[in-house]
Amino acid sequence: AAYANWSQTPVSVRAHYLHAIADAMEQQFDKLVGLSVLNNGKPIEEAKIDVGDAIACYRYYANLITDQETWSEVPTNEAGIRLLKTFAPVGVCALIVPWNFPMVTTSWKLAPALAAGCTVVLKPSEVTLLPELMLGNILSSIDLPKGVVNILPGAAEVGAAMTSHPLIDKVSFTGSNVVGEKVMTQAAKSIKDISLELGGKSAIVVRADADIDYACDLIIGGVFTNAGQICSATSRLLVHEDIAPTLFEALKVKTATLQVGDGFDTGTQMGPMVSEQQLKQVKKYCDIATAEHLTCLTGGEISARQGYFAVPTVYIDVPVTSQLWLEEVFGPVLVSKTFKDDAEAIRLANDSKYALAATIVSTDETMSLQIGAGHVWINEQQIVLPESGWGGFKQSGIGRELGGGGLSAYQKSKHVLLSD
């Protein structure tokens, strides 16, 4: 019901509300961080980064929509006519966000949707509901028109009702491939616009010229941040055979000494898994590794301490036929193997049904052009900027979030032809 008015709201007004969301989040920064740690379990420093990233995303789309031309003239070869192009909102959107990055993934969807003039029904994960309900309080406090954003908590049946409802024009979903296939099927029945950000089994390639100590830091950051509960986790490690023994020795020491504990403890480097179900998922793959007789460099078990704690785990010399090599664990489990030359490294990196992200540790930047992935980091941790597009190839999803592509995902181009 709110769509008719909101879709025609001036760009300046929409930008004002996006800045207001960012302002309110800044004012309640510590509370949002605390709710994230409490609800998700991640270390407090990671939660601070998350809230900061969400704030930056709202501001980015406020500025982007302000700078976008309302009308542009399209050159034609026809005399006596003009062709104009503008953008219209795609409509009423169903936004379904995951539990691993509450507030962050929400901002990736909600900010461009509001900027474009869409109204939304937002389903946060039932596992990490608290920060998203706090967002609802913020939206009320800034007097966002009623009905523009509707936060609808619930489990899978709520998502199914949203993706199949005839009045929903677009679905944006982030989550597993299994659920993504169901979402796509349901959305197809009424030809809904769709964006899917799904799984990953990303590679990190460490070439022979890499600095061993820094490479280990990038490896650890890529797979143990957020306890490995990251769709872009670089959970397949490829190491040049000339440096493999030295790197694995250093990696074993650094991994074994990671501080696992309460997210509110400032010394914690890796928190618990988000739920008992996710802890069981990690245990399942550790059991598979044992059954497959994989060589465990360190870890390979569930922590004995109370809570949903896994142990940072590294397996080496893992065959490409292993379930752990092929499947997304979504936990702190790294599998690795060596390569002889760049051609083999590229082949192994690309040999996956997923293609979301990759990391290269080397002074040579050219390999990035040959690795099939939507986002590649070179000698850097997994920093994701609002200006960058986010999304993968193959079964890692459909469409892009963030950047200009993130706004385009909630707009349709519209042309007007008129006499000159």
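Reader: What is the strand order in the open sheet of three strands?
Author: In this predicted model, the order is 1-2-18, and the pairing is antiparallel.

Reader: Which strands are at the edges?
Author: Strand 1 (72-73) and strand 18 (411-419) are the edge strands, as each of them pairs on one side only.

Reader: How many bridges join strand 2 to strand 18?
Author: Nine bridges connect strand 2, which covers residues 81-89, with strand 18, and the two run antiparallel. One pair can be named here: A88 has K412 of strand 18 as its bridge partner.

Reader: Which residue meets K412 in a salt bridge?
Author: The side chain of K412 meets that of D193, at 3.1 Å from N to O. K412 belongs to strand 18 and D193 to strand 7 (residues 193-197), so this salt bridge ties together parts that lie 219 residues apart in sequence.

Reader: Why does K412 count as partly exposed?
Author: Because its relative accessible area is 43%, and partly exposed covers values between 20% and 50%.

Reader: How many salt bridges are there by this rule?
Author: The count comes to 15. Among them is the one between R82 and E73, with N and O 3.3 Å apart. R82 counts as partly exposed because its relative accessibility is 28%.

Reader: And K123 in its salt bridge with E126, how far apart are the closest N and O atoms?
Author: They are 3.5 Å apart.

Reader: Is K123 buried or exposed?
Author: K123 is buried, at a relative accessible area of 6%. E126, by contrast, counts as partly exposed, at 45% relative accessibility.

Reader: Which residues are linked in a network of salt bridges?
Author: D23, E26 and R59 form such a network.

Reader: Changing topic: which residues touch the most other members in the largest nonpolar core?
Author: They are L18, I21, M25, Y58 and Y61, in a core of 64 residues. Elements that give two or more residues to this core include helix 2 (11-27), helix 5 (104-116) and strand 4 (119-123).

Reader: Which helix gives the most to this core?
Author: Helix 4 does, with eleven residues.

Reader: What does L18 touch, leaving aside residues up to four places away in sequence?
Author: L18 touches Y58, Y61, A62, A111, L114 and A115.

Reader: How many residues are in the second, separate core?
Author: That core has 54 residues, including L238, L251, V329 and A358.

Terms used: Residues are numbered from 1 along each chain as its sequence is written. This is a predicted model: local features need pLDDT of at least 70, side-chain atom pairs count only at pLDDT 80 or more; totals for chains, interfaces and linings use all residues. Side-chain values use heavy atoms; hydrogens and water are left out. A nonpolar core is a set of buried Ala, Val, Leu, Ile, Met, Phe, Trp, Tyr and Cys residues joined through side-chain atoms within 4.5 Å. Buried means under 20% relative accessible area, exposed over 50%, partly exposed in between (1.4 Å probe, protein chains only). Helices (H or I, at least four residues) and strands (E, at least two) are DSSP runs, numbered from the N terminus. Contact means heavy atoms within 4.5 Å. Two strands pair if DSSP finds at least two bridges between them. A salt bridge is a side-chain nitrogen of Lys or Arg within 4 Å of a carboxyl oxygen of Asp or Glu.
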